[in-house]
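Here are some notes to read alongside the structure. Could you keep the viewer open and follow the points in turn?

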Amino acid sequence: MSISHQERTIISLIKSCTKKSHLLQLHSHLLRTSNFYNPTIFLSFLSRFALPPLRDLSYSSRIFAEFSQPNVSLYNTMIRAHSLNHESARTGLLFYQELLHLGILSNAFTSTFALSCCMKIKCLLNGLQIHSRILKDGHLCDSFLFTSLMDFYSCLDKGAEACKLFDEMSHRDTVAWNVMISCYMRSGRKRDVFPLFDMMRNSNGCQPDDVTCLHVLQVCASLNALEFGTKVHKYIVENGINTGRNVFNSLIAMYSRCGCVEKAYDVFKQMDNKDVVTWSAMISGLASNGYGRDAIEAFELMLKEGISPDDQTFTGVLSACSHSGLVNEGRKFFNSMKTNFGVRPNIHHYGCMVDLLGRAGLLEEAYDLINSMKIQPDATMWRTLLGACRIHLHVALGERVINNLIELKAQEAGDYVLLLNIYSSLGNWDKVIEVRKLMKDKGIQTTPASSTIEWKGKVYEFVADDISHPRKKEIYEMLDEINQQLRIAGYVSEITSEFNNVDSRSKQYVHSYHSEKLAIAFGILCTPPGTTIRVAKDLRICVDCHNFSKMVSAVYDRKIVIRDRNRFHHFQGGQCSCNNYW
């Protein structure tokens, strides 16, 4: 159906309106000239009012109600407009149900927008009904709708259904592959992203784009998968993927989070148009890898370049001060945030300061800072202070912190273990027994830590006393050999209060099979001499495993990089980059 010159002129005028007042004036004019109810003009006007940037759902609903015979395009506009946020999504589904009730034939766009409403309100039942309707209407040949269904199931943690749809697709476009990758990321199947990326590269159809690479780099950073991340970087360069700031920033974050800050800095140097996100990523990378002074220098250079820091920048630079014990510098940056840069301190900034003061032994100052906050302290902040109490054996304050965690109803097994460590280090066995009984009565159990290591593009996970690996016999034999060599070199296992109820021999056995020790043994077993071993752990590394890693780095002449929950530890020649400050 062709559009007349008059219709084109009016539609162009509607699209040129950038203010609601102008659109209201035009509305009045169109009503007087009887052009308003022309279906083509009405659709253009409704879209302008219902959708961003002018989006006014109340007024657009009143306009919609004035049209006597709305068609599928008008309903699609209303459903789409209401699908854009959680608050209005249920109303969008009501428009969808009204369309079906009136017998108006829906199309692929209708179902796509309705599914978006279901995703916003996490409504599986309505989504299943829409899926059934799609099958009934025969719309599954539409690849965009197919992908929307996958995205819907993925968002509602129905990964199996999303995978099934993906397998049924006759033609997979780049968006479908990207949705499948994001589905794996959401459902905790991050390690499955790597073979999927390889499958996509080897498919006869589409190839990974910048969105694909951003997703995969994020997974590499999370899993400490440097080898695969380097492969993605190579693919980006060889295929001329859009190397905008987002890609460069993701590469910096990936290399930094894999403990390879040198390569992160190489990417950083190549960039011409660095923004605050770029600088923040580099500063945070330097901070977490133990280069506190370098992070501060980068911050000062950023200011000279005329880039204003944001809250993420200050999180990075305060973290740098914390990891390197730079108390005076940390105080200076924290105090200058709001005064000099207009950045209001948030919970993360306060957390960095509590960590900095606590590690430096300034426990009362850290406690006073928490109590002076205008925002409610969270459980993470109290745990940070509790960790400092363990380091400095401050019993009274540790007990106060536990009480605060109990008030928040956020206490975990690890909190009580930290308190146990304080009591046992001071030889207060009555308190140790009391806390153990409390944990037993409350049914509080510790969760085993896990460590991962990458080898030949695959990520392997270990937990304490792990016997699931197919090469377990070789791994344990290697670990026994390592322990024997370390004992000859003078290594003595350090026991914590977690194992006060077992005898000395059993204690050493338990320590010998911590998850990071198994990962290190696997790394030494599988890689040639001189190869750097990179391990990621989901909890803080214990004192014994820290000592163990230092000794291994010296005896086996290996560089070992361990990323724990707090920071990186670069072990080399019997020393650690953290200088035993973690």
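The points below go through a sheet first and then some helices.

1. A word on the source: this is a predicted model. Please read every point below as a description of that prediction.

2. Let's begin with the sheet as a whole. It is an open sheet of six strands, and its pairing is mixed. Going across, the order is E2-E1-E3-E4-E5-E6. The edges are formed by E2 and by strand E6 (575-576), each of which pairs on one side only.

3. Strand E1 (residues 450-455) is a good place to zoom in. Five of its six residues are buried, so the rest of the structure largely encloses this strand. With strand E2 (residues 458-463), E1 runs antiparallel, and six bridges join the two. One position to look for is Ser450, which stands opposite Val463 in E2. The hairpin made by E1 and E2 has two residues between the strands, and Lys456 takes a positive phi near 55° there.

4. E1 also pairs with strand E3 (residues 533-537), again in the antiparallel sense, over three bridges. If you want a landmark for this pairing, Ser451 has Lys537 of E3 as its bridge partner.

5. How many of the five residues of E3 are buried? The count is five of five, so to speak a strand that is mostly covered. As background, side chains in a regular strand alternate between the two faces of the sheet. In E3, Ile533, Val535 and Lys537 lie on one side, while Arg534 and Ala536 lie on the other, and all are buried. Both faces of E3 are thus covered, charged residues included.

6. Moving across the sheet, E3 pairs with E4 in the parallel sense, over four bridges. Val535 of E3 stands opposite Ile562 in E4. Towards the edge, strand E5 (residues 568-572) and E6 run antiparallel and are joined by two bridges. Gln572 has Gln575 in E6 as its bridge partner. Helix H30 (residues 543-555) lies across strand E4 (560-563), E5 and E6, and runs at about 35° to E5.

7. Now for the helices. Two packed helices are described by the angle between their axes and the distance between the axes. For helix H8 (residues 124-137) and H9, the angle is about 155° and the axes are 11 Å apart. An angle over 145 degrees counts as roughly antiparallel, and H8 and H9 are therefore roughly antiparallel to each other. H8 passes H9 in a left-handed crossing. On the H8 side the contact is made by Leu124, Gly127, Leu128, His131 and Ile134, and on the H9 side by Leu145, Leu149, Phe152 and Tyr153. By class, this contact has seven nonpolar and two polar residues, with no charged ones.

8. What is the crossing angle of helix H9 (residues 143-155) and helix H10 (residues 159-168)? Their axes cross at roughly 160° and come within 7 Å. H9 and H10 are therefore roughly antiparallel to each other, and H9 passes H10 in a left-handed crossing. H9 contributes Phe146, Leu149, Met150, Tyr153 and Ser154 to the contact, and H10 contributes Gly159, Glu161, Ala162, Leu165, Phe166 and Glu168. These residues divide into seven nonpolar, two polar and two charged.

9. Further along the chain, helix H24 (residues 395-407) and helix H25 (residues 413-425) pack at an angle of about 165°, with axes 10 Å apart. That makes H24 roughly antiparallel to H25, and their crossing is left-handed. Val395, Gly398, Glu399, Ile402, Leu405 and Ile406 of H24 meet Asp415, Tyr416, Leu419, Ile422 and Tyr423 of H25. The contact of H24 with H25 has eight nonpolar, one polar and two charged residues.

10. Finally, is helix H5 (residues 72-82) mostly covered or mostly open? H5 is mostly covered, with nine of its eleven residues buried. Among them are Tyr75, Asn76, Thr77 and His82, alongside Val72, Leu74 and Met78. The buried residues of H5 pack against helix H3 (39-50), helix H4 (57-65), helix H6 (86-101) and helix H7 (108-121).

Note on methods:
Residues numbered from 1 in each chain as written. Predicted model: local features only at pLDDT ≥ 70, side-chain atom pairs only at ≥ 80, totals over all residues. Heavy atoms only, no water. Buried < 20%, exposed > 50% of the residue type's maximum accessible area, 1.4 Å probe, protein only. Pairing = 2+ DSSP bridges. Axes fitted to C-alpha atoms, helices over the stretch in contact; angles between N-to-C directions. Parallel < 35°, antiparallel > 145°, perpendicular 65-115°, else oblique. Left-handed = near helix turned anticlockwise from the far one by under 90°. Contact = heavy atoms within 4.5 Å.
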